[in-house]
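I opened this structure to look up two things: the surroundings of the ligand and the nonpolar core. My notes are below.

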Amino acid sequence: MRPQEIIAKKRDGGELSAEEIRVFIDGVCSGEWADYQISALVMAIFIRGLSQTEQSELTRAMLMSGETLDMSDIELPVADKHSTGGVGDKTSLVIAPLAAACGLAVPMISGRGLGHTGGTLDKLESIPGYNVHLSTGQFKSIMKECGFAMMGQTAEIAPADKKLYALRDATATVPYIPLIVASIMSKKLAEGLDALVLDVKTGSGAFMQAFDDSRRLAEAMVETGGSFGVKTMAIVSDMSQPLGKHVGNACEVYECINILRGTVKPAVQPTLDLSIELTAAMLRLAGVSEDDAEARSAIDDALSSGRALDVFRKNIELQGGDPRVCDEPKLLLNEKLIKVPVLVDRAGFISAIDTFAVGKAVCEIGGGRIKAEDGVDYSVGFASEVKIGDKVGAGELIGFVYCRKAGDAESAVAKLKNAYEIRDVAPAAPELIRATIT
Ligand code: URA
């Protein structure tokens with residue numbers, strides 16, 4: 001079957017067979033399909049659409065393009081959480097040790113930050129020595145020893161996605177739900193999970209900003225997970241403002257370790273609340289807890305006893321990092337950075353936040369990547385106590401920028417100030433959990 005025949009069929013609105021989809025994905029992996037042919041088919045899919053069957057077959061072909069982790073020797077239920085990404089979205093660092101302390105095995109294969117969003121791997125690497133480059137053997141043995149392990153996507157897991165995603169990114173074909181579902185789910189289904197909880201973000205810092213789109217994405221992923229035999233549910237959560245207090249790699253780890261240590265200031269509360277919500281969903285879905293009350297009581301016990309912190313400490317040790325950060329979180333922060341206040345010009349209520357712009361401002365001072373190959377400065381960031389609905393007086397503080405150069409500070413401060421909209425009337429504070437899809 002020649003690529004041009006498959007491209008023409010979709011161009012003319014036809015439904016691709018499972019065999020045609022498999023030929024396409026094989027061609028992507030083997031290099032038999034040229035980039036322009038892959039891009040042409042992806043654009044035809046974007047315009048003409050994919051049926052539910054085609055979407056499932058694409059997910060299957062992408063999943064089968066690589067290896068699936070064998071978890072058959074793991075006695076505990078195996079569960080993971082995946083977030084579609086946001087600004088200050090750091091819950092993985094609380095959820096993984098917490099879920100492990102409550103009796104789950106958590107194989108967390110995570111990504112790096114790109115553009116305005118951060119990535120769990122970058123956050124972890126801000127812990128001195130922490131190694132995310134593990135073989136699947138090391139990954140499993142760390143998970144067996146402490147309950148969870150963290151690593152990056154390997155070349156063996158859903159390799160078709162890496163190539164396809166790069167071409168989608170370059171051809172403006174990322175925002176199409178069936179392609180996103182196949183991309184995310186092919187990677188998650190390769191983890192050999194019993195249960196998967198998805199955190200689909202919605203709002204100004206999410207990559208699907210409109211609530212209806214986020215909800216449709218969540219529904220499609222839940223349906224796909226179920227059809228592959230993995231118990232799957234999704235929470236659509238608010239990303240109309242940064243989650244918690246910090247945006248930046250090391251300072252986000254600092255926030256999470258403080259949560260595990262039981263130090264939770266008001267600005268940090270949403271990070272804890274969302275982490276509890278998602279962990280409770282994992283425990284229920286995987287059958288470790290009978291119901292929500294039992295799950296929350298197990299979580300409470302794992303946090304208050306310090307067991308979740310101990311699990312994190314053990315994981316850091318096993319992954320080569322410096323476990324002292326669990327006892328002295330301040331070790332993560334660089335005292336030599338310039339600390340510059342961001343002040344509001346006028347009095348009123350914080351009515352909206354351009355969260356995308358907040359993420360971009362941190363990225364531009366070095367905290368994130370503009371291109372995939374860029375390096376990251378783990379220590380820079382933004383810390384803010386102010387949330388939508390808060391009242392501020394003229395000249396009051398929105399937060400602090402932590403950066404290396406005065407020039408960076410000036411431009412970041414201007415962008416952050418602009419990102420916070422102030423009006424005379426108090427808006428309704430956004431709900432953290434916007435929908436739950438089972
Ligand atoms: N994240 C992914 O992994 N894939 C997509 O297509 C979009 C977001």
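These entries take the ligand, then the core.

Entry one, the model. I note that I am working from a predicted model.

Entry two, the shell. I looked up which residues surround the ligand and found Tyr165, Arg168, Ile180, Ser183, Ile184, Lys187 and Phe207. I sorted this shell by class and got four nonpolar residues, one polar residue and two charged residues.

Entry three, the helices behind the shell. I found that helix 8, residues 159-170, and helix 9, residues 177-189, each provide at least two residues of the shell around the ligand. Helix 9 has the largest share, with four residues.

Entry four, polar atoms at the ligand. I read 2.8 Å between an oxygen atom of the ligand and an N or O atom in the Arg168 side chain. For Ser183, a side-chain N or O atom is 2.6 Å from a nitrogen atom of the ligand. For Lys187, I noted a polar side-chain atom 2.6 Å from an oxygen atom of the ligand. I then looked up the cover: the ligand taken alone exposes 240 Å², and the protein buries 84% of that.

Entry five, the core. I looked up the largest nonpolar core, which has 121 residues. Among its residues, Phe148, Val358, Phe382 and Val401 touch the most other members. Helix 12, residues 269-285, contributes the most to this core, with nine residues. I also asked where this core lies with respect to domain 2 and domain 3. Domain 2 (79-329) and domain 3 (335-423) both give residues to this core, so it lies between them.

Terms used:
Residues numbered from 1 in each chain as written. Predicted model: local features only at pLDDT ≥ 70, side-chain atom pairs only at ≥ 80, totals over all residues. Heavy atoms only, no water. Near = heavy atom within 4 Å. Polar contact = N/O pair within 3.5 Å; in protein donor to acceptor, adjacent residues only side chain to side chain. Areas by Shrake-Rupley, 256 points an atom, 1.4 Å probe, with all protein chains shown as cover. Nonpolar A, V, L, I, M, F, W, Y, C, P; charged D, E, K, R; others polar. Core = buried A, V, L, I, M, F, W, Y, C linked by side-chain atoms within 4.5 Å. Buried < 20%, exposed > 50% of the residue type's maximum accessible area, 1.4 Å probe, protein only. Domains from an automatic or database assignment.
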